[in-house]
Amino acid sequence: MSDLIQLIYSSRPFGYDEATLSGILLHARQGNTRDGITGALICRRDIYLQLLEGPAAAVLALYARIRRDDRHLEVREHVNERVPARLFGDWAMLHDPAQSLIWSPDALTDAKRASLTPAELRRVFETLATNAQATQ
């Protein structure tokens, strides 16, 4: 059985600006490359939505660090499951500036974020992966 997992979480940014985002992406790409983690981050002022994939121990350790990171509020895990293959195998951390996120800021209420289904979230990231492959 594969030790590969995908974990999808959302959080509300604290102190979101381009400098913060650049720092997060730089740090993520360096650490993820070192730890064998790939994934994608969708972000805008009201949400971080991230898919992490890789060896279970590495992904879970990273997620624990994210939960302690004061740049993230209201961290919520949506998906944590074993998978047979990576969705973002070529990306230490793909950044999508919320272009693929289908919810408007007004539609993405706390209740909506709480009720996001694994299938909905997978579709968002599958679309993002397809679009990223097409533009490579």
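Colleague: What makes up the area that the chain exposes?

Modeller: This is a predicted model, and in it the chain exposes about 7,100 Å². Carbon and sulfur atoms supply 53% of that area.

Colleague: And how much of the chain counts as buried?

Modeller: Of its 136 residues, 46% do. The word applies to them because each has under 20% relative accessible area.

Colleague: Which elements does the chain have, and in what order do they run?

Modeller: There are four helices and five strands. Starting at the N terminus, you meet β-α-β-β-α-β-β-α-α.

Colleague: Why is one set of residues called a nonpolar core?

Modeller: Its members are buried residues of kinds such as Leu and Tyr, joined through side-chain atoms within 4.5 Å, so the set earns the name. The largest such core here has 21 residues, and Tyr-9, Leu-41 and Leu-52 have the most contacts inside it. At least two residues each come from β1 (4-13), α1 (18-35), β2 (38-44), β3 (47-55) and α2 (56-68). The largest share, six residues, is from α2.

Colleague: Which residues are in contact with Leu-52, leaving aside its neighbours within four places in sequence?

Modeller: Happy to list some: among them are Ile-5, Leu-7, Tyr-9, Ile-37, Val-59, Leu-62, Ile-66 and Met-93. They count because contact means heavy atoms within 4.5 Å.

Colleague: Which residues belong to the other core?

Modeller: That core lies apart and has 16 residues, including Ile-8, Leu-51, Phe-125 and Ala-129.

Colleague: Of the contacts between residues at least 6 apart in sequence, how many join residues at least 24 apart?

Modeller: In this chain, 82% of them do.

How values were computed. Residues numbered from 1 in each chain as written. Predicted model: local features only at pLDDT ≥ 70, side-chain atom pairs only at ≥ 80, totals over all residues. Heavy atoms only, no water. Buried < 20%, exposed > 50% of the residue type's maximum accessible area, 1.4 Å probe, protein only. Areas by Shrake-Rupley, 256 points an atom, 1.4 Å probe, with all protein chains shown as cover.
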